Amino acid sequence: MSQHPPPSSPPDAPAASAAAGAAAAGSRHGNRLDRWRDTYAARTASMTASEIRALFAVANRPEVVSLAGGMPYLPALPLDAIAGIAQRLVAERGAVALQYGSGQGEEVLREQIVEVMRQQQIHAHPDDVVVTTGSQQALDLVARVFLDPGDVVVAEAPSYVGALNVFRAYQAQIVHVPMDADGLQPQALDETLTRLAAQGRRVKFLYTVPNHHNPAGVTLSLERRPAVLDVCRRHGVLVLEDDPYALLGFEGDPLPALRSMDSELVVHLGSFSKTFAPGFRVGWAVAPHAVREKLVLAAESAVLCPTSFGQFAIAEYLQTYDWLGQVKVFRELYRERRDAMLDALATHLPQATWTHPDGGFYVWLTLPDGLDAKAMLPRAVTARVAFVPGTAFYADGSGRQSMRLSYCFPTADRIREGVRRLAGVVQDELEVLETFGSVGTPPHERQGSVDSPGPELA
Amino acid sequence: MNPRVTVLAGGLSHERDVSLRSGRRVAEALRASGCEVTVLDADAHLLPRLAEERPDVVWPVLHGAIGEDGALRDVLELLELRYVGSRPQSCRLAWDKPIAASVVRAAGIAVPEHIALPHATFRDLGAQPVLAAAGAWAGFPLVVKPSRGGSALGVAVVDGPGDLARAVVDAFAYGDTAVVQQHVPGTEVAVSVVEVDGELLVLPAVEIVADGGSYDYTARYTAGATEFFAPARLADDVTDRLAKAARGAHEALGLRHVSRIDFIVDPDGTPVFLEANAAPGMTETSLLPQGVAAAGLELDAVYRGIVQTAFTA
């Protein structure tokens, strides 16, 4: 049943039949092709068509090497085993698995999530866990619970575009703090929080991706973790730790999570999307008890309950399959692809600089001075290669000289071919730069439009 | 008898997304009017599929690149398939904006002064002197656009010399030749020309008033971001001149079945030709469907009539 029956007489419908007679010059209203235009909430202002986003439409075509997406490589999953799990689940427990469940999530899965998090030295109780529709929904719930319009969220520079879009939707202001090869810089964070406090601005939380950062490809060092927490503690600022890539490190054991060092200061988000499969849409938040209460209520109002079927399927998978062995399969696969990308970059793009990820999906590449990754994307699409321009990962329009390259989905050979094509595009851009010199940024840049691809992009 | 129609949508151009949306709308309308419709992408599977299915009519709703430059239609000719839209040679004329302007000017229709500047010109003669000369010649504001392409991609109105280099470089992202064109103040309008059941119709002009003044990609494809007046708010005699100019441009370029001709109507009421589109947009926010509605016609019937024209041609 529709909750919004259309009114019977649209204020500015095209009125096709009467149009010929209605041409009283000057005075009449035009047609905006959207009768609800004046009804939208202010927060929709940035929800516009974007020519950058439209360019990604070609990226899923096989002729194009997409280094733009973030899809995990699911052909590496044991699909037969998962089919068996799904079959048994419906046949034997369908009446429960297909029913509504608890808003906080199924207890059996929350117990297993607690076990999963021990890999990162997190000691939590199943009661502290809220299961969500992907960790993306946890981001939305935390934003809904904490952010009033105008509140400040402090985030890394660059930062995960999906989180920036959530914070924007709640009309928060985003202030970036620089990173280096060891992740977020605690001193810069301290200075930023001090400055914001002096300006009387209200900072609600620090948003951080400490492990194998999306898009920067760096990890917050062990030494810096207590320092970051200390800064936030002194400033009375909550930490939102978004940690979907923690188990996808290529070297050594996962570092202890920020949540493992302070359970009262940190809301920790996790996900099965990268270690298992995003199609189940199961992530989680671990929060101090009072915050958790609010997250559960907010979750119920958003979705009533997370997917019952997905939760039971994942619970069964964790119980009956060597899931850590599967994570290792993924790690080895992504490591090979990372190597292919770094080798190809060294071979073909010596004039650029890039990060050396020790896990996760992404390399952050910075172009030679004067080049503009966003302006370059149409040329790249013509050359059949796609990337995400750095601007997508900043709330303030910076990042033009950088781009995110993903190595999670294409094979090593495709990655090498993609980097080779990209190098050709960069070469062409350098020739244009040589001809014209540096031309600065466009004068009429639209701010805040969504310049990132949708989640279905390879 | 209802013809079997294959709509081609997608392709590998910068306008793939727009083409997919246009193609869906055309297919929907044709199905509603009783046609059996298949939608195919322009990829390596296309020719085998066409050979197998031998549709009665192919409707290429492909924007940009091979969809508009005549290349795909050459192939349809090779396959001896009937198709909606202009022949390859006319597509080539319309697709190259400076060439189209020359042809249309020769037919007695006003066009803005323009100059086509390949990248090599800047490289060989030095960017600064060429930019300075182009700026001095056209005066500011002026318009910079790629010589080929649609959806206003790479198009900029440049207010002063300081922004000219950036605009030219952005146009080069979409192709090897940039056009610098004098800016014509006035009313922006689009006139669609269709051949329905063999009869050529010039649809009412659609006037475009974009928020912020620039009918760019965002203004084109964000519902609500642009105000349209259909028919355009023009005096009757100006409306007549505009319709004649649109028909004149359509015929001078040898366009067929469906086209959209974009103009600025200057303060004297003279229609000034900007460009012709052999594969105009057919999305929810596109101009041609608004022209159809302003004519008091049904979209389904018009699209069906266009197919009929191609079918019996």
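Start by colouring chain A by domain: domain 1 covers 51–76 + 325–436, and domain 2 covers 79–320. Keep in mind as you click around that this is a predicted model. Put a centroid on the C-alpha atoms of each of these two domains of chain A, and the distance between them comes out at 26 Å.

Next, select the contact between them. You should pick up 25 residues from domain 1 of chain A and 26 residues from domain 2 of chain A. Stay on the domain 1 side and look for α10 (323–348) and β11 (362–366) of chain A, each of which supplies at least two residues to the side touching domain 2. Highlight α10(A) in particular, since its six residues are the largest share of that side. Now colour that same side of domain 1 of chain A by residue class: 14 are nonpolar, five polar and six charged.

Time to move across to the other chain. Select the contact between the chains, where 41 residues of chain B meet 38 residues of chain A. On the chain B side, the elements to show are α1 (16–32), α6 (119–125), α8 (164–172), α9 (217–221), β11 (226–229) and α11 (287–294) of chain B, each giving two or more residues. Which of them gives the most to the side of chain B that touches chain A? That is α8(B), with five residues. Colour this side of chain B by class and you get 22 nonpolar, nine polar and ten charged residues.

Now split chain B into its domains: domain 1 (4–85), domain 2 (92–110 + 185–312) and domain 3 (114–182). Pick domains 1 and 3 of chain B, whose C-alpha centres are 33 Å apart. Their contact draws on five residues from domain 1 of chain B and five residues from domain 3 of chain B. On the domain 1 side of this contact in chain B, the classes are one nonpolar, three polar and one charged.

Zoom in on the open sheet of chain B with strand order β2-β1-β3, three strands paired in parallel. Its edges are β2 (36–40) and β3 (57–60) of chain B, each of which pairs on one side only. Sight along the sheet for its twist: on average, neighbouring strands turn by 20 degrees against each other, ignoring direction. Then select β1 (residues 4–8) of chain B, which is joined to the parallel strand β2(B) by five bridges. For one position to label, take B:Leu8, which stands opposite B:Leu40 in β2(B).

Bring back α1(B), which lies across β1, β2 and β3 of chain B and runs at about 170 degrees to β2(B). Try checking its length: at 1.5 Å a residue its 17 residues should span 24 Å, and the end C-alpha atoms are indeed 24 Å apart, so the two agree.

Is α1(B) mostly covered or mostly open? Mostly covered, with twelve of the 17 residues of α1(B) buried. Show side chains for the buried set, including B:Arg16, B:Asp17, B:Arg21, B:Val26 and B:Leu30. To see what covers the buried residues of α1(B), add β1, β2, β3, α9 and α12 (299–312) of chain B, and also α1 (51–55) of chain A, which are among the covering elements.

For a last stop, step past the end of α1(B) to B:Gly34, where phi is positive, near 100 degrees.

Note on methods
Residues are numbered from 1 along each chain as its sequence is written. Chains are lettered from A and ligands numbered from 1 in the order in which they are written. This is a predicted model: local features need pLDDT of at least 70, side-chain atom pairs count only at pLDDT 80 or more; totals for chains, interfaces and linings use all residues. Domain bounds come from an automatic or database domain assignment. Two residues are in contact if their C-beta atoms, placed from the backbone, lie within 7 Å. Helices (H or I, at least four residues) and strands (E, at least two) are DSSP runs, numbered from the N terminus. Ala, Val, Leu, Ile, Met, Phe, Trp, Tyr, Cys and Pro count as nonpolar, Asp, Glu, Lys and Arg as charged, and the others, Gly among them, as polar. Two strands pair if DSSP finds at least two bridges between them. Axes are lines fitted to C-alpha atoms, for helices over the stretch in contact, and angles run from 0 to 180 degrees between N-to-C directions. The expected span of a helix is 1.5 Å times one less than its number of residues. A residue is buried if 20 or more other C-beta atoms lie within 10 Å of its own, exposed if 12 or fewer, and partly exposed in between; C-beta atoms are placed from the backbone.
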